[in-house]
Amino acid sequence: MIDVFIENGRNTLHTQFPLRMDDLAEQLASIGVRQSVAQITAKGTDTLKIETEGLEDIGLSLIHISEPTRPY
């Protein structure tokens, strides 16, 4: 499982992935997010701050894989 914290202005949502997209859309609406789930990246948007935490080794691995690589 992956804990996900999404902040929209002064509203915060805590949920866990994996999660069905329609369930996520409903949860996001509860904190005032009206845009399509497909338009939101793991990095967030101009108005959404997203943080993730892996609860298990597999969750930590998935988070690490999804982080963008940086050129050195």
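**Contacts, sheet and core in a predicted model**

Of the contacts in the protein chain that link residues at least 6 apart in sequence, 42% bring together residues at least 24 apart. The model behind these values is a predicted one, so a word on confidence comes before the fold. The mean pLDDT of the protein chain is 81, with 75% of the residues at 70 or more. Confidence peaks in helix α1, at a mean of 95, and bottoms out in helix α2 (residues 57-66), at a mean of 55.

As for the overall layout, the protein chain carries 2 helices and 3 strands. Read from the N terminus, these elements come in the order β-β-α-β-α. The chain counts 72 residues, and 26% of them are buried. Its accessible surface is about 5500 Å², with carbon and sulfur atoms accounting for 52% of that area.

The sheet is a good place to start. Its 3 strands make an open sheet ordered β2-β1-β3, with antiparallel pairing. The edge positions go to β2 and β3 (48-54), each of which has a single partner strand, so one side of each lacks a neighbour in the sheet. From one strand to the next, the twist averages 20°. Helix α1 (residues 21-29) packs on this sheet and touches β1 and β2, and its direction makes about 165° with that of β2.

Now for the strand pairs themselves. Strand β1 (residues 2-8) meets strand β2 (residues 11-17) in the antiparallel sense, over 7 bridges. Within this pair, D3 has Q16 of β2 as its bridge partner, while N8 sits opposite N11 in β2. The hairpin of β1 and β2 has 2 residues between the strands, and G9 adopts a positive phi there, near 65°. On the β3 side, β1 and β3 run antiparallel and are joined by 7 bridges. One of the pairings here sets I2 opposite G54 in β3.

How much of β1 is covered? Most of the strand is, with 5 of its 7 residues buried. I6 is a handy example from this strand. With a relative accessible area of 5%, I6 falls under the 20% cut-off and therefore counts as buried. Leaving out residues up to four places away in sequence, I6 touches N11, T12, L13, L28, I31, L48, K49 and I50. For one of these, I31, the C-alpha atom lies 9.0 Å from that of I6, with the two positions 25 residues apart along the chain.

Which residues make up the largest nonpolar core? This set has 12 members: I2, V4, I6, L13, L24, L28, I31, V33, V37, I40, L48 and I50. At least two core residues come from each of β1, α1 and β3, and β1 gives the largest share, with 3. In soluble globular proteins, nonpolar side chains tend to be buried together. L28 shows how the core links up: setting aside neighbours within four places in sequence, L28 is in contact with I6, L13, V33, V37 and I40.

The loops add a few details of their own. P18 lies in the loop between β2 and α1, and the peptide bond joining F17 and P18 is cis, with omega at about 5°. S30, in turn, belongs to the loop between α1 and β3. Is S30 buried or exposed? At 57% relative accessibility, S30 is over the 50% cut-off and so counts as exposed. The C-alpha atom of S30 is 9.4 Å from that of T12, and the two residues are 18 apart along the chain.

Terms used
Residues are numbered from 1 along each chain as its sequence is written. This is a predicted model: local features need pLDDT of at least 70, side-chain atom pairs count only at pLDDT 80 or more; totals for chains, interfaces and linings use all residues. Side-chain values use heavy atoms; hydrogens and water are left out. Two strands pair if DSSP finds at least two bridges between them. Helices (H or I, at least four residues) and strands (E, at least two) are DSSP runs, numbered from the N terminus. Axes are lines fitted to C-alpha atoms, for helices over the stretch in contact, and angles run from 0 to 180 degrees between N-to-C directions. Contact means heavy atoms within 4.5 Å. Buried means under 20% relative accessible area, exposed over 50%, partly exposed in between (1.4 Å probe, protein chains only). pLDDT is the predictor's confidence in each residue, from 0 to 100. Accessible areas come from the Shrake-Rupley method with a 1.4 Å probe; for residues, only the protein chains shown count as cover. A nonpolar core is a set of buried Ala, Val, Leu, Ile, Met, Phe, Trp, Tyr and Cys residues joined through side-chain atoms within 4.5 Å.
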